[in-house]
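Colleague: I should like to go through this structure with you, one question at a time. Please explain the reasoning behind each answer.

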Amino acid sequence: MNGSLFVNFPFIVVALLLALGFYTIGFKRNLIKVIIGVEILEGAVNMFIVALGYVKGGYAPIYTQAPQEAVGKMVLPTPQALTLTSIVIGVAVTALMLAFAVNIYRHYGTLDVTRVRRLRG
Amino acid sequence: MRKALGLFAFLAFVLFLFAATISLRPFGEPPHAEMDSYFIEHAQEEASANNVVTSVVFDYRGFDTLGEATVLFTAVSGVLMALRHYGGKEK
Amino acid sequence: MTTTIIKTTTRLLAPLILVFGSYIILHGHLTPGGGFQGGAVFASGLILLIVANVRDKVQKLFEKTPLTQLESLGALGFLGIGLLGLMSYTFLKNAIANSGFLFGGTTPQGINPGYLNTGGTLSYLNIFVGTKVLAGLTSIVLIFFLILRRERDEW
Amino acid sequence: MIEHLPALMVALPLFGAFIAPLFKKHYKGVSIWAIFITGISVVLSLLLMKEVVTNGIIMYVFGADKPTLVLPSGYAVPIRIMFEVDAMGAFMAISATLMSFVGAIYSYSHVKKDTGLEKYYALLMLLEAGILGMVLTGDLFNLFVFLEIAGIAGSALVGFRNYRGEASEAGIKYLMVSSVASLMVLFAVGIFYGQYGNLNLAYIAKNVSFNMVDMIALGLLFASFAMKCGAVPMHYWVPDAYTEVPAGINPPLLVATYASLYALFRVSFTLFANVVIDLARVGWIMSILGVLTMFIGVTMALIQKDVKRLMSYHAISQTGYMLLGVGVGLTVLHDPSKLAEFGRDAMAGGVFHIINHIIYKSLLLMTAGALFYVTGTRNLNEMGGLARKMPITTISFMVGAAAISGLPPFNGFASKFLIYETSYRLNPLLTVFAMVTSVLTLASFVKVFASAFLGPPLEKFENKREVPKPMIVAMLILAALCILFGLFPNVVLDKLVYPAVDALINFAQYHSWGGLA
């Protein structure tokens, strides 16, 4: 317990978003909504990582025409790079999931996950 | 029964995550920034770029970016394959 | 989705978006953005062209566009730049920085106005990744568009 | 050039995959291209193993001046992404390249009549590249990226038969599981980054303090990798994915599953091995998970009618043996006398079982694919009397079935025997469960053999013939490996398995980047 609730507000938001994402994946019946749930999870994790890079009163880590006081007070660049990677991966996953959803609708005529169940047992 | 089980797992997970976030280090005060300060100090000289984030993305962690480009390539191949035309096959 | 208002707006807006995307790709090592972001912006311009037109016209517009080849070209270019470093260093070494080659200029230390002729392999990688991303995203949207429009006629 | 081997291992399949879509409709050309590329990577992986065994851990730092420049001058923290190849990673790399090669040969005829093959082979090579990246990397975020590559490529291939609704259903299920698991891995990576400001596996392992947050990260990593390697209770995606994927992709997909198992071992041994107290508990959890996995898998398999689905449930059950073997080793990792007594052998059994299982389960799934290719059905009740029509498939099936049931002199016996012997020393009850599972496995395969191959020849299969040559070649390669590994287990154990086990045990070596820092 080395940080109080209000200081850690961004992390609390991350936890809420994660919970929301898991709820959506677990309890929604429409396949598109389930995919949106995965996206929410994606956003939560991205936000968590980018929040880790923040330094109090920091500036963007870019030297082009930066204000003079920015030198030595830049936020950490690695989390931003990681988030960029993770966002692109998220786009890729979503595109493939939607393609599968289109195929499922073509074959089953429904997107209700409780009725998309030919594989069981 | 299934719903109850799911709800239980869900609640456990939420508690788990709250613990993770509350006992994490305070926001805005990274305790160890050796790697990042190296990037900020050396990006202009080693990678010859004003934008430190780009230098991290393409130089220091360039291999991740190759992987990332590959992921996009994979997804495009996958989407094109999943939505290819299937004439004459059983539905 | 193909009213006159949308068509006219697209005609005015799409070239601007494409130019802006190219700017972000080329200045990736100086200003916020880079290959991925610029490629996404560029692709959104092309996607605007796709969704604002009827199916036949889109098919004619993109029939000759070598999207697959562009995508492979971008990916292979990235790999090639990586292999360039193998000559005397390691895979993906920034071998062009400070070498005097194209994009091989020296960056002054500290705050500066930003010079385009710097960045070494970074600038090349930005361009290749930009090519790859614009081709990839456009072909994803294109295939969804074509499939769904076709099936709507069939249903 | 030899010092660039780790980078080339990943660059070669990527190169092959990026070229593949340019073949367009020349399906024959692209299949030969894929066989060519995967064949070269088999050679590269064998070279890599040789290098690792002679010179110890190989480091490869991407973008540095020299491949071995782990730390920049005057700095105590690693900056760049690096590959850290120890014998365990090289061992997994050999399985990945070998199985991709066999899969590419098999696919040459198996998917000949389908369309979209340039994408199919591109994805096959991407899957291979993803697995290779996962098992060679020494960077946590890099691990996540390659996990996603393998997951996306695998799920796209599961949905390859897009004229079947079931394929898309299995594909989205697999993609959902793998993306959620990868996101949780990423969350754990973020936790480590927030704590230690670095992403290097060895650096974090050296500095990990095991406070509450680290414990949560360990839990997340453990759960997500267990989910991705198909351990009970997150096993439900395995049968669907394995059943719907074309049989030529089954071998690399199996290796992709076990690459997650490798990551699980990596996390338990390398990342958290410094912690003395809780490691035994992790080992016990792993062993019990293993026993549950094997038992539930085999009971589900007994009631299946679909031949590929039956074999997929056996794949779950066999994963349990690996978890059991390595889990037993993990419980005694910090007790040198017990480790020498049975811990090392238990882990050798578990690790040996990985490659054995990959070989014989690929063989079995390929024979199932051959049955499907010839008869057009996977339902056991509709088959019968095929032994005379398909002699080579029948022999391959018999070899695979004997191996999976642990009958001597096939390879399954060698590794299972090691596991029985050593788990008995920890707790006899574990051994009893493992043996009962083995007997049930045998019963289940006798049933398959009787209903598919024996019996009177059916009229509807009158004109059926043996499968084409490339499929036969692929099956015979694996059958020969089954027999060879069973006849000379000591050679394989000494050359491949014990180096890999020792690499896991000597985690201090890994922590110091092979003695470079």
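Colleague: Which pattern does chain B follow when read along the sequence?

Modeller: The model is a predicted one. Chain B has 4 helices and 0 strands. Read along its sequence, chain B therefore gives a pattern made of DSSP helix runs, namely α-α-α-α.

Colleague: What percentage of the residues of chain B count as buried?

Modeller: A residue counts as buried if 20 or more other C-beta atoms lie within 10 Å of its own. Among the 91 residues of chain B, the share that meets this criterion is 55%.

Colleague: Which element gives the most to the side of chain B that touches chain A?

Modeller: In this pairing, 41 residues of chain B are in contact with 42 residues of chain A. Two or more residues on the chain B side come from each of H1(B), H2(B), H3(B) and H4(B). The element that gives the most, with 10 residues, is H4(B).

Colleague: How many charged residues has the side of chain C that touches chain A?

Modeller: Here 11 residues of chain C are in contact with 12 residues of chain A. By class, the chain C side has 7 nonpolar and 4 polar residues. The number of charged residues on that side is given as no charged residues.

Colleague: At which residue does helix H18 of chain D bend?

Modeller: Helix H18(D) covers residues 489–505. Its buried residues, including Leu496(D) and Ala500(D), pack against several helices of chain D, among them H2(D) and H17(D). The bend is about 40°, a proline, Pro499(D), follows within four residues, and the bend lies at Val497(D).

Notes: Residues numbered from 1 in each chain as written. Chains lettered and ligands numbered in written order. Predicted model: local features only at pLDDT ≥ 70, side-chain atom pairs only at ≥ 80, totals over all residues. Contact = placed C-beta atoms within 7 Å. Nonpolar A, V, L, I, M, F, W, Y, C, P; charged D, E, K, R; others polar. Buried ≥ 20, exposed ≤ 12 C-beta atoms within 10 Å, placed from the backbone. Bend = angle between axes of the 7 residues up to and from the residue.
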